[in-house]
Amino acid sequence: MLKIEVKSGENIERALKRYKRKFRNTKRLDLIKSHKEYTKKSVERRKILKKAQYKEQFLKEQEDQ
């Protein structure tokens with residue numbers, strides 16, 4: 001459970017913004033979305049491999065610059 005302390009004199013919109021940022025950083029929404037439907041293990045592995053290939057290519061391009 002996320003708790004946000006609203007400081008005295010702080011605008012409520014600012015506190016909501018901090019709450020939303022904290023919620024997004026916990027990746028809770030991604031977990032909820034992933035549980036909506038079943039994905040086969042082979043599809044998950046393929047997704048992980050594709051992400052790893054992208055990261056490797058991105059880092060290689062960063063080195064070249």
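1. Lys 7 and its setting. Lys 7 is placed in the segment before α1. The model discussed in this note is a predicted one. With a relative accessible area of 55%, Lys 7 is exposed, because exposed means over 50%. The C-alpha atom of Lys 7 is separated by 40 Å from that of Lys 51, and the two residues are 44 apart along the chain.

2. The positive patch. Lys 7 joins Arg 14, Lys 17, Arg 21 and Arg 24 in a positive surface patch. Of these residues, Arg 14 has its place in helix α1. Arg 14 shows 43% relative accessibility and therefore counts as partly exposed, since that class lies between under 20% (buried) and over 50% (exposed). The patch thus has among its members one residue from the segment before α1, Lys 7, and one from helix α1 itself, Arg 14.

3. The nonpolar patch. A nonpolar patch on the surface is formed by Val 6, Ile 12 and Leu 16, and their accessible area together is about 270 Å². Val 6 is found in the segment before α1, a helix that covers residues 12-25. The relative accessible area of Val 6 is 48%, so this residue is classed as partly exposed.

4. The salt bridge. How many salt bridges does a search of the whole structure find? The search returns one. Its partners are Glu 10 and Arg 18, with the closest N and O atoms 3.1 Å apart. Glu 10 has 21% relative accessibility and counts as partly exposed; Arg 18, at 22%, is likewise partly exposed. Neither residue is classed as buried, because buried requires a value under 20%.

5. Charge distribution. The protein carries 22 positive and 10 negative charges. The mean positions of these two sets are 6 Å apart.

6. Overall architecture. The secondary structure amounts to three helices and zero strands. Read from the N terminus, the order of elements is α-α-α. Helix α1 spans residues 12-25, α2 spans 28-34, and α3 spans 41-64.

7. Dimensions and exposure. For a compact globule of 65 residues, a radius of gyration near 11 Å would be expected, but the protein has 19 Å. The C-alpha trace spans about 50 × 40 × 15 Å along its principal axes. Is the chain mostly buried or exposed, and what share of its residues count as buried? Of the 65 residues, 2% count as buried. The accessible surface comes to about 7,100 Å², and carbon and sulfur atoms account for 54% of it.

8. The loop between α1 and α2. Lys 27 lies in this loop. Its phi angle is near 60 degrees, which is a positive value in a residue other than glycine. A reviewer may wish to look at this backbone position in the model. Lys 27 has 56% relative accessibility and so counts as exposed.

9. The loop between α2 and α3. Tyr 38 is located in this loop. At a relative accessible area of 70%, Tyr 38 is exposed. Tyr 38 and Lys 27 are 11 residues apart along the chain, and their C-alpha atoms are separated by 19 Å. Each of these two loop residues is thus classed as exposed, Lys 27 at 56% and Tyr 38 at 70%.

Definitions and conventions: Residues are numbered from 1 along each chain as its sequence is written. This is a predicted model: local features need pLDDT of at least 70, side-chain atom pairs count only at pLDDT 80 or more; totals for chains, interfaces and linings use all residues. Side-chain values use heavy atoms; hydrogens and water are left out. Patches are made of residues with over 30% relative accessible area and no salt bridge: like charges are joined within 9 Å, nonpolar side chains (Val, Leu, Ile, Met, Phe, Trp, Tyr) within 5 Å. Accessible areas come from the Shrake-Rupley method with a 1.4 Å probe; for residues, only the protein chains shown count as cover. A salt bridge is a side-chain nitrogen of Lys or Arg within 4 Å of a carboxyl oxygen of Asp or Glu. Helices (H or I, at least four residues) and strands (E, at least two) are DSSP runs, numbered from the N terminus. Buried means under 20% relative accessible area, exposed over 50%, partly exposed in between (1.4 Å probe, protein chains only). The radius of gyration is taken over C-alpha atoms; the globule rule is 2.2 Å times the number of residues to the power 0.38. Lys and Arg count as positive and Asp and Glu as negative; His and the chain ends are not counted. The place of a charge is taken as NZ of Lys, CZ of Arg, CG of Asp or CD of Glu.
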